[in-house]
Amino acid sequence: MRIETLSTAQHLADAAQHLAARCAVMRRLYKSNGAPPMRRMNTGFKGLIEIIVGQQVSASAAIAIWARVAAGINPFTPDRILAMDDAELTVLGLSRAKVKTAKVLSEEIVSGRLNLTRLNRQSDEAVFSTLT
């Protein structure tokens, strides 16, 4: 069984069953919890910022912080993030490190050094290499 993208709840359930059939740990987890719920994330710039928000915090904290960030940045663009001062972003719940990362990412996009359309067509390894 090979699923390139887990784009539906059924794909995710099939993948969970596939893993449970091959791994004792996954089998126990699947028996006790079933398939995990689908989590939809934003794509593009907004998706990258959402990933940054969720790093090193609990899932519930990430959801709460993301709600404030998504509501507080309008329009949600690299230019808007660059126009905001650090204090405005920290009030939304971003740490200083996350503010710095969001601003560096925004600057890379605005300057043209990072092209998200091109990045989206690259392999996982190339994306990782580009972003780190």
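This passage describes helix packing and selected residues in a predicted model.

Helix H4 covers residues 59-72, and its length can be checked against the geometry expected of a helix: at 1.5 Å a residue, its 14 residues should span 20 Å, and the C-alpha atoms at its ends are indeed 20 Å apart, which agrees. Within H4, the residues Ala-62, Ile-65, Trp-66 and Val-69 are buried. When the helix is viewed down its axis, these buried residues fall within an arc of 105 degrees, so they line one face of H4. Such an arrangement can be related to the helical repeat, since an α-helix has 3.6 residues a turn, so residues three or four places apart point the same way. The face of H4 that is turned away from the buried side carries Ser-60, Ile-63 and Ala-71, which are exposed.

The buried residues of H4 pack against helix H3, which comprises residues 44-54. Two packed helices are described by the angle between their axes and the distance between the axes. For H3 and H4, the angle is about 135 degrees and the axes are 9 Å apart. With that angle, H3 is oblique to H4, and the crossing of the two helices is right-handed. On the H3 side, the residues that take part are Lys-46, Ile-49, Glu-50, Val-53 and Gly-54, and these meet Ala-62, Ile-65, Trp-66 and Val-69 of H4.

Helix H3 also packs with helix H7, which is formed by residues 96-111, at an angle of about 160 degrees and with the axes 10 Å apart. That angle makes H3 roughly antiparallel to H7, and H3 passes H7 in a right-handed crossing. The contact is made by Phe-45, Leu-48, Ile-49, Ile-52, Val-53 and Gly-54 of H3, together with Lys-98, Thr-101, Ala-102, Leu-105, Ser-106 and Ile-109 of H7. Of the residues of H3 just named, Ile-49, Val-53 and Gly-54 also meet residues of H4.

Ser-106, a residue of helix H7, is buried, with a relative accessible area of 0%. When residues up to four places away in sequence are not counted, Ser-106 touches Phe-45, Pro-78, Ile-81 and Leu-82. Of these, Phe-45 belongs to H3, whereas Pro-78, Ile-81 and Leu-82 lie within the range of helix H5, residues 78-83.

A further buried position is found in helix H1, residues 9-22, where Ala-16 is located. The relative accessible area of Ala-16 is 9%, which is under the 20% that marks a buried residue. Leaving aside neighbours within four places in sequence, Ala-16 is in contact with Tyr-30, Ala-35 and Pro-36. The C-alpha atoms of Ala-16 and Gly-34 are separated by 8.1 Å, although the two residues are 18 residues apart along the chain.

Two features of the backbone lie in the loops on either side of H4. Most residues other than glycine have a negative phi, and most peptide bonds are trans. In the loop between H3 and H4, Gln-56 has a positive phi of about 65 degrees although it is not a glycine. Gln-56 is also exposed, with a relative accessible area of 81%. In the loop between H4 and H5, where Pro-75 is found, a cis peptide bond joins Asn-74 and Pro-75, with omega about 0 degrees.

Conventions
Residues numbered from 1 in each chain as written. Predicted model: local features only at pLDDT ≥ 70, side-chain atom pairs only at ≥ 80, totals over all residues. Heavy atoms only, no water. Helix = DSSP H or I, 4+ residues; strand = E, 2+ residues; numbered from the N terminus. Expected span 1.5 Å × (residues − 1). Buried < 20%, exposed > 50% of the residue type's maximum accessible area, 1.4 Å probe, protein only. Arc of directions from axis to C-beta. Contact = heavy atoms within 4.5 Å. Axes fitted to C-alpha atoms, helices over the stretch in contact; angles between N-to-C directions. Parallel < 35°, antiparallel > 145°, perpendicular 65-115°, else oblique. Left-handed = near helix turned anticlockwise from the far one by under 90°.
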